[in-house]
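Work through the exercises below with the structure open. Each task is followed by a solution in steps.

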Amino acid sequence: MMTDDMLRAQLPHTLEKIDLQGVGDLYRGKVRDNYSRGDRIVMITTDRISAFDHVLGTIPFKGEVLSRLTAFWFEKVKDLAPTHVLDLPDPSVMVVKRAKALPIEIVIRGYVTGSLWRDYQAGKAGAYGIQWPVGLRKDQKFDRPIITPSTKAEYGKHDEPISEAEILKQGLVSPELWKEATTVAHRLFQRGQEWALSRGLILVDTKYEMGVAEGKLVVIDEIHTPDSSRYWIADGYEERFAKGAEQEMLDKENIRQWLIKEHGFSGHGKPPPLTDDVRVMLARKYIEVFERLTGERFVSAVGSVEERIKRNLAAKGYLARG
Ligand SMILES: Nc1ncnc2c1ncn2[C@@H]1O[C@H](COP(=O)(O)OP(=O)(O)OP(=O)(O)O)[C@@H](O)[C@H]1O
Ligand SMILES: [Mg+2]
């Protein structure tokens with residue numbers, strides 16, 4: 001079991017970034033350091049945390065939790081769609097098949113909450129081209145999950161809502177591919193919700209990235225992680241909803257709330273530094289989601305993530321010698 005003392009002891013050893021030689025060209029996203037060469041990418045999930053499109057700092061064991069959770073989920077859904085996973089040389093590293101990514105993020109939602117709720121309430125949820133039911137209440141469940149696509153912005157820019165009609169009109173994705181991608185998204189989401197519920201959680205909404213490799217649609221990036229998804233505790237959802245109380249969340253909303261409530265930060269200007277207490281609190285939350293979803297205890301060793309990754313990559317022949 002990972003005690004708070006262990007999480008605290010890991011603070012100076014977190015992985016902020018990793019510089020590797022001979023693995024390929026580096027693309028540093030907000031969370032992942034991606035080294036690509038030819039048709040494969042060595043994707044390292046660092047311990048960086050981002051919110052409102054800003055990188056805020058690092059969280060102990062976050063990269064490992066996310067990478068292992070993604071591997072867990074890909075295994076659970078492998079009958080529904082091909083995924084990009086080729087190899088798992090280290091708990092924070094996934095070697096993947098490089099795909100041509102669709103320029104759209106497929107966001108699918110089971111409930112009206114978060115940014116959609118804010119837009120709906122302000123009468124600004126029109127960009128998705130969806131006829132929203134009238135009189136929805138915050139955190140209400142939809143009759144069936146709804147896809148609210150967004151454009152995949154370049155680094156440093158914000159993703160923007162877009163409608164299906166606009167995606168097709170602009171030719172961002174062909175009609176056939178869009179049909180397939182959304183069908184797959186609905187199936188993945190249903191599987192995800194069923195599994196989460198069997199583990200006492202509600203998978204509220206999530207974001208999929210998909211691409212095409214060797215002529216086939218593949219699910220890429222991460223899947224059903226607390227970075228790409230919202231999770232609520234299932235127990236007591238109805239009572240909280242009836243009372244209009246906040247849901248118990250186990251996802252990135254925790255950091256957003258801390259930024260807004262404690263620092264009035266919602267994406268403009270310079271984000272406040274994360275205190276060590278908040279970093280440990282967030283590590284707890286990430287580990288809690290991992291343990292609930294997998295039913296396993298999360299166990300890892302305190303120490304340099306960078307050295308461990310380099311050792312594992314070298315042992316498995318991913319680093320150029322010399
Ligand atoms: N199999 C794949 N083939 C090609 N690109 C992929 C694949 N899997 C993931 N990616 C891309 O690799 C990057 C992963 O890095 P990360 O998740 O940190 O990025 P991000 O901050 O979410 O997005 P951004 O690219 O806007 O920085 C993303 O741009 C993602 O779209
Ligand atoms: Mg990403």
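The exercises deal with a predicted model, and they go from the ligand to the cores and then to single residues.

**Exercise 1. The surroundings of ligand 1**

Task: Find which residues come nearest to ligand 1 and which elements give two or more residues to the shell around ligand 1.

Solution.
- Step 1. Around ligand 1 there are 19 residues, and Tyr 27, Lys 30, Arg 32, Lys 97 and Glu 209 come nearest.
- Step 2. Sorted by kind, the shell holds 9 nonpolar, 3 polar and 7 charged residues.
- Step 3. Look at the backbone atoms. An oxygen atom of ligand 1 lies 2.8 Å from a backbone N or O atom of Val 31. A nitrogen atom of ligand 1 is 2.8 Å from a polar backbone atom of Lys 97, and for a polar backbone atom of Asp 221 the distance to a ligand nitrogen is 3.2 Å.
- Step 4. On its own, ligand 1 has 600 Å² of accessible area, of which the protein covers 89%.
- Step 5. Two or more residues of the shell come from each of strand E2 (32-37), strand E3 (40-45) and strand E7 (93-97).

**Exercise 2. Arg 32**

Task: Decide whether Arg 32 is buried or exposed, and name the partner of its side-chain polar contact.

Solution.
- Step 1. Locate the residue: Arg 32 is part of strand E2.
- Step 2. Arg 32 is buried because its relative accessibility is 9%, and the limit for buried is under 20%.
- Step 3. The side chain of Arg 32 makes a polar contact of 2.8 Å with the side chain of Glu 222.
- Step 4. Beyond neighbours within four places in sequence, Arg 32 touches Tyr 27, Met 43, Ile 44, Thr 45, Arg 48, Leu 66, Asp 221 and Glu 222.
- Step 5. Arg 32 is also among the residues that come nearest to ligand 1.

**Exercise 3. The nonpolar cores**

Task: Find how many residues the largest nonpolar core has and which helix gives the most to it.

Solution.
- Step 1. A general remark helps here: in soluble globular proteins, nonpolar side chains tend to be buried together.
- Step 2. The largest nonpolar core has 62 residues, and Tyr 208, Met 210, Tyr 231 and Ile 255 have the most contacts inside it.
- Step 3. Helix H8 (residues 276-294) gives the most to this core, namely 9 residues.
- Step 4. A second core is separate and has 14 residues, among them Leu 15, Tyr 35, Tyr 318 and Leu 319.

**Exercise 4. Ile 44**

Task: Describe where Ile 44 lies and which residues are in contact with it.

Solution.
- Step 1. Ile 44 belongs to strand E3.
- Step 2. Its relative accessible area is 0%, so Ile 44 is buried.
- Step 3. Setting aside neighbours within four places in sequence, the contacts of Ile 44 include Leu 15, Tyr 35, Val 31, Arg 32 and Ile 309. Leu 15 and Tyr 35 are also members of the second core.
- Step 4. Pro 175 is 131 residues from Ile 44 along the chain, and their C-alpha atoms are separated by 33 Å.

**Exercise 5. Two residues with a positive phi**

Task: For Asp 139 and Glu 214, state which is buried and which is exposed.

Solution.
- Step 1. Asp 139 is not a glycine, yet it has a positive phi of about 70°. The residue sits in the loop between helix H3 (114-121) and strand E10 (141-147).
- Step 2. With a relative accessible area of 4%, Asp 139 is buried.
- Step 3. Glu 214 is not a glycine either, and its phi is positive at about 50°. It is placed in the loop between strand E12 (201-213) and strand E13 (216-220).
- Step 4. Glu 214 counts as exposed because its relative accessibility is 66%, and exposed means over 50%.

**Exercise 6. Tyr 111**

Task: Say which element holds Tyr 111 and how far its C-alpha atom is from that of Arg 137.

Solution.
- Step 1. Tyr 111 is in strand E9 (residues 104-111).
- Step 2. Its relative accessible area of 6% makes Tyr 111 buried.
- Step 3. Arg 137 is 26 residues away along the chain, and the C-alpha atoms of the pair are separated by 9.8 Å.
- Step 4. Asp 139 from the previous exercise is one of the contacts of Tyr 111, which also include Phe 142, Trp 232 and Tyr 237.

Methods
Residues are numbered from 1 along each chain as its sequence is written. Chains are lettered from A and ligands numbered from 1 in the order in which they are written. This is a predicted model: local features need pLDDT of at least 70, side-chain atom pairs count only at pLDDT 80 or more; totals for chains, interfaces and linings use all residues. Side-chain values use heavy atoms; hydrogens and water are left out. A residue is near a molecule or strand if one of its heavy atoms lies within 4 Å of it. A polar contact is a pair of N or O atoms within 3.5 Å; within protein, one must be able to donate a hydrogen and the other to accept it, and residues adjacent in sequence count only if both atoms are side-chain atoms. Accessible areas come from the Shrake-Rupley method with a 1.4 Å probe; for residues, only the protein chains shown count as cover. Helices (H or I, at least four residues) and strands (E, at least two) are DSSP runs, numbered from the N terminus. Ala, Val, Leu, Ile, Met, Phe, Trp, Tyr, Cys and Pro count as nonpolar, Asp, Glu, Lys and Arg as charged, and the others, Gly among them, as polar. A nonpolar core is a set of buried Ala, Val, Leu, Ile, Met, Phe, Trp, Tyr and Cys residues joined through side-chain atoms within 4.5 Å. Buried means under 20% relative accessible area, exposed over 50%, partly exposed in between (1.4 Å probe, protein chains only). Contact means heavy atoms within 4.5 Å.
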